[in-house]
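I opened a fresh page today to note, entry by entry, what I looked up and what I found. I began with one residue and worked outwards from there.

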Amino acid sequence: MPGDNITENLKDMALELGTDFIGITGSSAFQSSDYVGNKPQDVMPDMKSVVILGVSVPNGAFDTLPKGRAEYTNTLMAATATLRVIAFQVAKFIERKGYKATIAPSEGSEFGYWYADRETLKADFSFKYASYHAGLGNFGMNHLLITKDFGPRIRMTAILTDAPFEDDEVIQLPLINDACRGCMKCIEICPVDALTEEGVIHREKCAEYMFDVLGGLRCGMCLKVCPLY
Ligand code: SF4
Ligand code: SF4
């Protein structure tokens, strides 16, 4: 482990800079046979830790949907920009301690998978899976991370590093949030049936709707109707 309480210092710094939550998980989370996505080790083979940083998104951005799509999209991008600045400072902090760090893009940013990998629409690795293992929340039927404090109304970024930070001690939650049973509002509201009761997401339907129909603005209706916030 890095000495000098670096894990605690890193968390304190991220919170002081304006994150609403932070979680850390080690590389082993992505070695489980349950995980089928791309792995962060493909980006950084000697990666030891994933540091998740997140902010909550103001409720007004959701409440004004669908008319307020431009405002919603702009607010999401403001959250992304905020996280980028914070993550840059945190990455520099890690490097001052003698390790290396790089910042992964969030899915909807201009460098995220919605743009960079239009063929598979898969991220370089799942922030949500890392967050689940860091104890930040679990999954909803809308395929989003449901955090304890803010539900799905959040934005995240992630730092990959070879620093072997202390993993968060977590009580592992069930993979799917219990409240989803008997709700299914996100599935009913989706205008293009991208979500199913079997737990499948048709990413291409969601992406085509946002890029081809909404001209690149975000939809967000499956977040708006989710009561978990
Ligand atoms: S809208 Fe309902 S079913 Fe969908 S994620 Fe939220 S709680 Fe779960
Ligand atoms: S963002 Fe819109 S289109 Fe995409 S899954 Fe949610 S409700 Fe459906």
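**Entry 1: Lys-11 and its helix**

I looked up Lys-11 and found that it counts as buried, because its relative accessibility is 16% and the cut-off for buried is under 20%. I note here that the model is a predicted one. Lys-11 has its place in helix H1, and when I set aside residues up to four places away in sequence, I found that it touches Ile-22, Ile-24 and Asp-168.

I then looked at the helix as a whole. H1 takes in residues 6-17, which makes twelve residues, and from its first C-alpha to its last it reaches 16 Å, close to the 16 Å expected at 1.5 Å a residue. Which residues of H1 are buried? I listed Ile-6, Thr-7, Leu-10, Lys-11, Met-13 and Ala-14. They cover an arc of only 165° around the axis, and therefore they lie on the same side of H1. I wrote the general rule beside this: an α-helix has 3.6 residues a turn, so residues three or four places apart point the same way.

What do the buried residues of H1 pack against? I found strand S1 (21-26), strand S2 (49-56) and helix H3 (69-96). Just after H1, I noted that Gly-18 takes a positive phi of about 120°.

**Entry 2: strand S6**

I turned next to strand S6, residues 154-161, where eight of the eight residues are buried, so the strand is largely enclosed by the rest of the structure. In a regular strand the side chains alternate between the two faces of the sheet, and I therefore sorted the residues of S6 by side. Ile-154, Met-156, Ala-158 and Leu-160 are buried on one side, while Arg-155, Thr-157, Ile-159 and Thr-161 are buried on the other, which leaves both faces covered.

Which way does S2 run when it pairs with S6, parallel or antiparallel? The two pair in the antiparallel sense, over eight bridges, and Ser-49 stands opposite Thr-161 of S6. Strand S3 (residues 101-104) also runs antiparallel to S6, to which it is joined by four bridges, and here I found that Ala-101 has Thr-161 as its bridge partner in S6.

**Entry 3: His-143, Asp-193 and a cis bond**

I looked for His-143 and found it in the loop between strand S4 (137-139) and strand S5 (145-147). With a relative accessibility of 21%, His-143 counts as partly exposed. Its phi is near 65°, which is a positive value in a residue other than glycine. Leaving aside neighbours within four places in sequence, I listed its contacts as Lys-128, Leu-195, Gly-199, Val-200 and Ile-201. I also checked His-143 against Gly-23, which is 120 residues away along the chain, and found their C-alpha atoms separated by 19 Å.

Asp-193 has a positive phi too, near 55°, and is likewise a residue other than glycine. I found Asp-193 in the loop between helix H6 (185-189) and H7, and with a relative accessible area of 51% it is exposed.

In the loop between helix H2 (60-63) and H3 I came to Pro-66, where the peptide bond from Leu-65 is cis, with omega near 5°.

**Entry 4: helix H7 and the two ligands**

For helix H7, residues 203-213, I listed the buried residues as Cys-206, Ala-207, Tyr-209, Met-210 and Phe-211, and I found that they pack against H3 and helix H4 (113-116). Just after H7, Gly-215 takes a positive phi of about 65°.

Which residues are around ligand 2? I wrote down Cys-190, Pro-191, Val-192, Ala-194, Cys-206, Tyr-209, Cys-219, Gly-220 and Cys-222. Sorted by class, this shell has eight nonpolar residues, one polar residue and no charged residues.

Around ligand 1 I found Gly-140, Met-141, Asn-142, Cys-180, Cys-183, Met-184, Lys-185, Cys-186, Cys-226, Pro-227 and Leu-228. How many residues of the shell around ligand 1 fall into each class? I entered eight nonpolar, two polar and one charged.

Note on methods:
Residues numbered from 1 in each chain as written. Chains lettered and ligands numbered in written order. Predicted model: local features only at pLDDT ≥ 70, side-chain atom pairs only at ≥ 80, totals over all residues. Heavy atoms only, no water. Near = heavy atom within 4 Å. Nonpolar A, V, L, I, M, F, W, Y, C, P; charged D, E, K, R; others polar. Expected span 1.5 Å × (residues − 1). Buried < 20%, exposed > 50% of the residue type's maximum accessible area, 1.4 Å probe, protein only. Arc of directions from axis to C-beta. Contact = heavy atoms within 4.5 Å. Pairing = 2+ DSSP bridges.
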